[in-house]
Amino acid sequence: MYLTHLSLTNFRLFSRLDMDVPRRILLLVGDNAQGKTSILEAIYFLATFTTFQAQSDRQLVSFLVENDSLSVARLVADYRRGEQQHRLEVRLIRENTNGGVRARKEILLDGVRRTVHHALGHFNAVLFLPQMTRILEGSPEERRRYLNLAISQAIPGYAQALSDYVQTLSQRNALLKQLAERSGDTEQLRYWDELLADRGATLIHARIAAVANLEKLASRFHQQLTHSQEVLRLHYYPAYDPASGTDTQFRLPIEADADRSGFSREKIAAGFYERLQALHREEIQRGVTTIGPHRDELRMSCNGIDVIDFGSRGQVRTVLLGLKLAEVAWLKEKTGHYPVLLLDEMMAELDLQRRADVLESLGDCEQAFLTTTDLSLYSPDFTKTATIWRVEGGEVAVDPDAAGWQQS
């Protein structure tokens, strides 16, 4: 899978960008805050319809048109998926009204309007940003979000199941609070228990398989990056654990993980439902659902030591890089196509050997975008194989030494 053309209108710094995209490796070179990362962000948004950089979609619309009563950011990608050519378009629409700002997005795949859930997974990308170290250094919610975004691109229906679960959870929590404040018939919970268990089981079942597959791949990449000095393990701790039938909020990652691979989705749903029933009194008192995928945890360890609590900055960055390379390989296994790889300032904190290892790993990808402020971080042999774009002030030009200075 690879992009052939990218067009951005009123997106971040770019009032207009319209470029044919080379197939293999593209180096985006320029100073900070010139728009390099925004290009990666746009491509990733086309894959996931969300962003790590902004709190809401409306922040992606260029500030140059923020005072207009109606402003639209438009992202269009032409890309090849196998033998087929496709076009994906996203319109981010922001309306300024007397009551405030309203935002919505429209998605068109090959000219046909689609919902987010129906469009997800058709174009795939894997993104590495320096601030993504918060996946390891941040809260469990950050790790759940990472897992959800990865699985949503690979497993059809997962994003819809996640949305349905969140909606059911909200309604069940509202009923729990109502029962706590006004009392009432607890039998009302039975319907929501069954619905939550059924939808939650879909998530748990998918996460069990995904973490197991990602661990095999990430362990291999991490071993290569550390030259066999470290063994990486991923530890999935579901808040409802089908292996024990109880809630397991957290355990030390050095403990042996339970084998959950043999549990069917139906068996997980049945056990989850029973556990929810048993927790009625406690959850009514607390006014909140205490177990379920919304409280799952994902941990990482190297040589038996928890990286999240005890890993050095370099170790955290290496683990994250191994995870991202594993994500690329996993998406290839699940979809049959390599995703587009997006690496932002990846080389800055890596030593020479690890830089060489990472660049060698790019050989398997159909297309990779890399950003840098310093081209000298890349060897002359590598830059000869890449197309170089100079990015400055929201404008892009092909490097004059590479192919003639053609202004976009």
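In strand β7 of this predicted model, the bridge partner of Leu109 is Val112. This pair belongs to a hairpin formed by β6 and β7, with two residues between the strands. Asp110 lies in the turn and has a positive phi of about 55 degrees. The two strands of the hairpin run antiparallel and are joined by three bridges.

The hairpin leads into an open sheet of six strands, whose order is β2-β1-β4-β5-β6-β7 and whose pairing is antiparallel. The edges of this sheet are taken by β2 (14-20) and β7 (112-114); each has a single partner strand, so one side of each is left without a neighbour in the sheet. On average, and with direction ignored, neighbouring strands here are turned by 20 degrees against each other.

Within the sheet, the pairing of β5 with β6 may be followed residue by residue. Strand β5 (residues 84-97) meets strand β6 (residues 100-109) in the antiparallel sense, over 10 bridges. Glu95 stands opposite Arg102 in β6, and Val90 has Ile107 of β6 as its bridge partner. In a regular strand, the side chains alternate between the two faces of the sheet.

A helix also belongs to this part of the picture. Helix α1 (residues 36-48) packs on the six-stranded sheet and touches β1 (2-11), β2, β4 (70-81), β5 and β6. The direction of α1 makes about 110 degrees with that of β1.

Further along the chain is another open sheet, made of three strands in the order β9-β12-β13, again with antiparallel pairing. Here β9 (232-237) and β13 (305-306) stand at the edges, and because each has a single partner strand, one side of each is left without a neighbour in the sheet. Six bridges connect β9 with strand β12 (residues 297-302). One of the residue pairs is formed by Tyr237 and its bridge partner in β12, Glu297. Helix α6 lies across β9 and β12, and runs at about 170 degrees to β9.

The interior may be considered next. In soluble globular proteins, nonpolar side chains tend to be buried together. The largest nonpolar core of this model holds 123 residues, and Phe123, Leu136 and Leu370 touch the most other members. Helix α6 (residues 189-225) gives the most to this core, with 14 residues. Leu370 offers an example of the contacts involved: leaving aside residues up to four places away in sequence, Leu370 touches Ile25, Leu26, Leu27, Leu28, Leu343, Met346, Leu359, Leu362 and Tyr378. A second, separate core has seven residues, among them Leu175, Leu179, Trp192 and Ile284.

Finally, there is the question of open space. Rolling a probe the size of a water molecule over the atoms shows where empty space is left. The largest pocket contains about 640 Å³ of space. It is lined by 26 residues, of which Arg144, Arg145, Asn148, Leu149 and Leu162 are the closest to its centre. The elements that give two or more residues to this lining are α2 (116-119), α4 (140-154), α5 (158-182) and α6. Helix α4 supplies the largest share of the lining, with seven residues. Helix α6 thus returns in several parts of this account: in the largest core, across β9 and β12, and in the lining of the largest pocket.

Methods
Residues numbered from 1 in each chain as written. Predicted model: local features only at pLDDT ≥ 70, side-chain atom pairs only at ≥ 80, totals over all residues. Heavy atoms only, no water. Core = buried A, V, L, I, M, F, W, Y, C linked by side-chain atoms within 4.5 Å. Buried < 20%, exposed > 50% of the residue type's maximum accessible area, 1.4 Å probe, protein only. Helix = DSSP H or I, 4+ residues; strand = E, 2+ residues; numbered from the N terminus. Contact = heavy atoms within 4.5 Å. Pairing = 2+ DSSP bridges. Axes fitted to C-alpha atoms, helices over the stretch in contact; angles between N-to-C directions. 1 Å grid on protein atoms, 1.4 Å probe; cavity = no way out; pocket = protein on both sides within 12 Å on 5 of 7 lines; lining within 4 Å. Points joined across faces, edges and corners; volume = space filled by probe spheres on them.
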